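Let's take a walk through this fold together. Have the sequence and the 3D view side by side, and follow along as each part comes up.

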Amino acid sequence: MSHDPIWDVIRSTSTPGSVSNAVGSITLNSDGTISVSGSYTSDLNSDQTAAINGGGFTKVFAGGYGMYAAQRSNGSLLVLGYATNGSEEQSTVQQLLTSNISDVRFNYGAGAAKTTDGAIITWGH
């Protein structure tokens, strides 16, 4: 099995602006809101929609194939995109929204976040 390192690339910004992956982008706006466009950005679950509407974001991430994340100053993390928007990942989305995250990683179809106490939370496949 070959390994294509392009899927390990994670782009992020903590200043207003956009970062992208293979199929879309996420934008951190100067007022702390975010905007998303592209594949896997329109079929969000209720927790993701509420988090987006709540604003307060300070950093955005994009990577993998349609993987996006946005972090608030309290360390909580919103994930959306490929393999995260359905009901099967809703409990993980909720957990990340109430956790303090220190690191984010993506691959082609999955993601992982490390909490400040060292736990690893994963999603996708």
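A residue is called buried here when its relative accessible area is under 20%, exposed when it is over 50%, and partly exposed in between. Keep in mind as you look around that this is a predicted model.

With that cut-off in hand, turn to helix H2, residues 90-97. Its buried residues are Gln90, Thr92, Val93, Leu96 and Leu97. Where do these residues of H2 fall when you look down the helix axis? They lie within an arc of 160 degrees, so they line one face of the helix. Among the elements that cover the buried residues of H2 are H1, S6, S7, S8, S9 and S10.

From there it is a natural step to the largest nonpolar core, which has 28 residues. The members that touch the most others in this core are Ile26, Ile34, Leu77, Leu78 and Leu96. Two helices, H1 (46-54) and H2, each give two or more residues to the core. So do the strands S3 (24-28), S5 (57-63), S6 (67-72), S7 (77-81), S8 (101-106) and S10. Leu78 is a good place to zoom in: leaving aside residues up to four places away in sequence, Leu78 touches Ile34, Gln48, Ala51, Ile52, Phe57, Tyr68, Ala69, Ala70 and Leu97.

Ile34 also leads us to a sheet, since Ile34 in S4 is the bridge partner of Leu28. This open sheet has 3 strands in the order S2-S3-S4, with antiparallel pairing. S2 (17-20) and S4 (34-38) are the edge strands, each pairing on one side only. From one strand to the next, the twist averages 20 degrees. Between S3 and S4 there are 5 bridges, again in the antiparallel sense. As you trace these strands, a general point helps: in a regular strand the side chains alternate between the two faces of the sheet.

Next, look at the hairpin formed by S9 and S10, which has 4 residues between its strands. In the turn, Gly118 has a positive phi of about 95 degrees. S9 (residues 110-115) and S10 (residues 120-124) run antiparallel and are joined by 5 bridges. Within this pairing, Ala113 stands opposite Ile121.

Finally, how many salt bridges does the structure hold? There is 1, and it joins the side chains of Asp103 and Arg105, at 3.3 Å from N to O. Asp103 has 30% relative accessibility, so it counts as partly exposed.

Notes:
Residues numbered from 1 in each chain as written. Predicted model: local features only at pLDDT ≥ 70, side-chain atom pairs only at ≥ 80, totals over all residues. Heavy atoms only, no water. Pairing = 2+ DSSP bridges. Core = buried A, V, L, I, M, F, W, Y, C linked by side-chain atoms within 4.5 Å. Buried < 20%, exposed > 50% of the residue type's maximum accessible area, 1.4 Å probe, protein only. Contact = heavy atoms within 4.5 Å. Arc of directions from axis to C-beta. Axes fitted to C-alpha atoms, helices over the stretch in contact; angles between N-to-C directions. Salt bridge = Lys/Arg side-chain N within 4 Å of Asp/Glu carboxyl O.
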